[in-house]
Each structure stands twice: as structure tokens, then as C-alpha cells.
Amino acid sequence: MNLTEFNQSDLCEHFSCPERSGSPAVYILLYVCSAAVVLLTLCGNMLVIISVLHFKQLHTPTNMLVLSLAVSDFLVGALVMPPMLIWIIESCWIFGRAFCICFLLFSGFLMICSIYNIALIAVDRYLALSNPFLYMNRITRRTMCIVVYSNCCVSLTYITAVYYFNGSFMGSVMCPGECIYFLNEVWSVLDLVVSFTFPLSIIIILYTRVFVIAKKHATAIRELNNHTRPKTQKITSHSMKSERKAAKVLGILVSVFLMCLLPYFICSLLGDVIELQTETFQKLVIVLYLNSTINPVIYALFYPWFRRCIKLIITLRIFQTDSELINVLS
């Protein structure tokens with residue numbers, strides 16, 4: 001939807017706030033379920049953050065990206081999900097214009113950060129598998145921290161430029177009871193490329209390469225097993241199993257991410273073709289945000305080290321002397 005299609009009065013008339021209907025019990029249930037989702041998002045990602053920061057075995061370049069993604073997901077649960085869920089339940093934006101601007105800026109920033117975090121993880125895994133010796137010598141924690149910091153700075157600069165130069169916030173197109181912004185045609189195309197097409201292409205191409213390389217490694221290991229002693233065969237079989245498991249987890253993580261991401265961007269792309277109701281668009285945004293809730297669940301289901309870390313954190317063993325040296329990868 002472009003700014004030129006409506007004047008301000010038409011917009012505010014189109015997006016009027018409906019009267020609240022339904023029994024109090026339904027609203028209480030909705031708020032309880034929303035609070036549970038927010039709490040799960042906060043606790044799950046906080047466990048990931050504590051695990052990576054506390055245990056020295058997890059201080060790897062790849063886990064710096066995992067940490068960055070967990071921080072983004074935690075902030076989504078803390079600052080973006082609550083007002084979004086309240087808006088959906090109340091069918092009305094009740095927080096005012098100033099908070100709406102901050103909300104849109106912050107939610108856009110975190111979405112861009114998360115998308116490019118996933119893309120950087122794809123680059124990291126591709127480099128690690130395609131040239132492991134170069135990766136071990138060149139990619140350090142310091143290098144990865146610089147990459148993460150640069151990603152945050154570029155994402156913040158981009159989302160600020162989108163809102164400022166597009167003019168949505170410079171005008172007065174903020175209707176009572178709504179928190180929406182409109183991109184003109186130029187910025188719509190640019191945002192589609194920067195926020196969706198480019199990172200999605202990186203993710204798909206590199207993860208496809210990751211699976212091809214992993215398959216080649218598995219084939220080579222299988223052929224090696226046919227000409228080695230039983231002890232070596234046991235070691236290589238274990239390596240092959242680990243690679244397949246790692247590839248499986250990567251595939252699940254990316255598939256869930258794409259399932260949460262695609263509906264939002266497809267409907268955004270078709271916004272000028274099909275008329276979307278505000279409620280429908282809100283639900284698509286929530287599906288996108290739910291990826292922040294699901295990521296820690298994926299780690300818990302498929303990463304044994306994360307389950308060990310959870311046990312150590314819950315039992316408060318992390319407060320013992322030298323607990324950061326506990327072996328969580330064995």
C-alpha cells in the first residue's frame with residue numbers, strides 16, 4: 001500500500017478501532033497464553049545466552065553467531081512480542097504515537113539482524129566445511145565478534161534510513177488505534193531485496209552447498225571404512241554420524257526459519273495485489289516472531305550440549321568454583 005493511494009483522513013477511517021467484544025474469560029485466556037509464549041521465549045533464549053557466555057568450551061566462532069541470534073530473539077520476546085500481542089488481543093494500538101515509532105524501529109532492526117544472523121551462520125558453516133584448515137587459522141572469536149557488531153550497526157543504519165527517507169514518520173500518517181507505516185514503491189523494492197531476496201538467496205545457496213559437501217564427506221568416509229581396521233572404522237563411523245546429525249540440525253533450523261519468514265514476506269509482496277486486513281497481517285508478524293520462541297526448542301531437542309547446560313544452570317552448579325571449565329561437549 002503506497003502513501004499516494006490515500007489521504008490521511010481516508011487512512012484513519014479505514015483503520016478505525018473496533019469496539020471490544022467477547023467475554024472476560026476469553027481475554028484472560030488470551031493474555032495467559034500470550035504471557036506463556038513471551039516467558040518461553042525469554043527463558044529459552046536466556047538459557048542459550050548463559051550457556052555460551054559461561055562455559056569456555058562453547059567460546060567458539062560459530063557460537064558467537066548463535067549468541068547473537070539468541071540475544072536478538074531474547075529482545076524480540078522482551079520488547080516486541082508483548083505490545084504486538086496486546087495489540088492483537090485488544091484489536092487496537094493503545095500505546096500512542098511515540099511508542100509506535102520506537103516499536104517499528106526496534107522490531108524492524110531485530111528482524112533484519114535475525115535474518116542476517118541466519119545468513120552469517122550459513123556462510124560460517126560453508127567456510128568450515130569447504131576449507132576447514134583455512135577456517136581454523138583465519139576465523140577467530142575476535143573476527144566473529146567484529147562481524148556480529150558490524151551486522152548490528154549496518155542493520156540499525158539501514159532500518160533508520162528506510163523510515164527516515166521514506167517519509168512515513170515525517171508526515172502525520174499515524175492513526176489512533178493503529179501502528180502502521182507505508183513504504184513508497186522505490187523503498188518497497190529496495191526493502192524486498194535487502195531484507196528478503198538477498199539474504200534468502202545466501203541461505204538457500206550456501207546451505208545447499210553445505211549438504212552437498214557433507215554428503216561427499218560421508219561418501220568418502222564410507223569408502224575409507226571398507227579399507228581400514230575395525231578401530232579406525234569405529235572412529236570414522238562416529239565422525240560420519242556426527243556430520244549427518246549436524247546437517248540434520250542445520251536443515252531443521254533453516255526450514256523452521258523459512259516457514260516463519262516466508263508467509264510474512266509473500267503477503268508483503270502481494271500487498272498491492274490482494275487487500276490484506278490488519279488482523280491478518282498482525283498474525284503473520286506473530287508467526288515471524290514465533291521463530292524466536294522455537295529456536296531454543298530446536299537447540300534443546302537436537303543439541304546434547306545444550307541439554308547438559310540447562311541441567312547445570314537449573315541445578316545452580318554454574319555458581320560452583322571453576323564451573324566454566326565443566327566439559328559439556330562429551
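This passage looks at the disulfide, the aromatic pairs and the salt bridge of a predicted model.

A good place to start is with the cysteines. A disulfide is a covalent bond between the sulfur atoms of two cysteines. The structure contains 1 disulfide, and its partners are Cys100 and Cys179, whose sulfur atoms are 2.0 Å apart. Where does each partner sit along the chain? Cys100 belongs to helix α4 (residues 96-130), while Cys179 is found in the loop between α6 (141-166) and α7 (185-225), so the pair ties together parts that are 79 residues apart in sequence. The bond also has a handedness: the torsion about the S-S bond of Cys100 and Cys179 is about 100 degrees, and the disulfide is therefore right-handed. As for their surroundings, Cys100 and Cys179 are both buried.

Other cysteines are worth a look too. Cys113 takes part in no disulfide. Its nearest cysteine sulfur belongs to Cys152 and is 4.1 Å away, whereas a disulfide calls for sulfur atoms within 2.5 Å. Cys113 is buried, because its relative accessible area of 1% falls under 20%. Cys43, in turn, has a relative accessible area of 42% and is partly exposed.

Attention now turns to the aromatic rings. The count of aromatic pairs comes to 12. One example is the pair of Phe95 and Phe99, with ring centres 5.4 Å apart. Are these rings stacked, edge-to-face or tilted? Their planes meet at 45 degrees, so the pair is tilted; planes under 30 degrees apart would count as stacked and those over 60 as edge-to-face. Phe95 has a relative accessible area of 32% and is partly exposed. Phe99, at 38% relative accessibility, is likewise partly exposed. Both rings also have a place in a wider group, since Phe95 and Phe99 form one aromatic cluster with Trp87, Trp93 and Phe103.

The last feature involves charge. Side chains of opposite charge can pair when their charged atoms come close. In this model the count is 1 salt bridge. Which residues form the salt bridge? The partners are Arg125 and Asp124, and their closest N and O atoms are 3.0 Å apart. That distance can be set beside the cut-off, which asks for a nitrogen within 4 Å of a carboxyl oxygen. The two partners can also be described by their accessibility. Asp124 is buried, at 3% relative accessibility, whereas Arg125 is partly exposed, at 22%. The value for Arg125 can be read against the rule that buried means under 20% relative accessible area.

Notes. Residues are numbered from 1 along each chain as its sequence is written. This is a predicted model: local features need pLDDT of at least 70, side-chain atom pairs count only at pLDDT 80 or more; totals for chains, interfaces and linings use all residues. Side-chain values use heavy atoms; hydrogens and water are left out. Helices (H or I, at least four residues) and strands (E, at least two) are DSSP runs, numbered from the N terminus. Buried means under 20% relative accessible area, exposed over 50%, partly exposed in between (1.4 Å probe, protein chains only). Rings of Phe, Tyr and Trp (its six-membered ring) pair if their centres lie within 6.5 Å; planes under 30 degrees apart count as stacked, over 60 as edge-to-face and the rest as tilted. A salt bridge is a side-chain nitrogen of Lys or Arg within 4 Å of a carboxyl oxygen of Asp or Glu.
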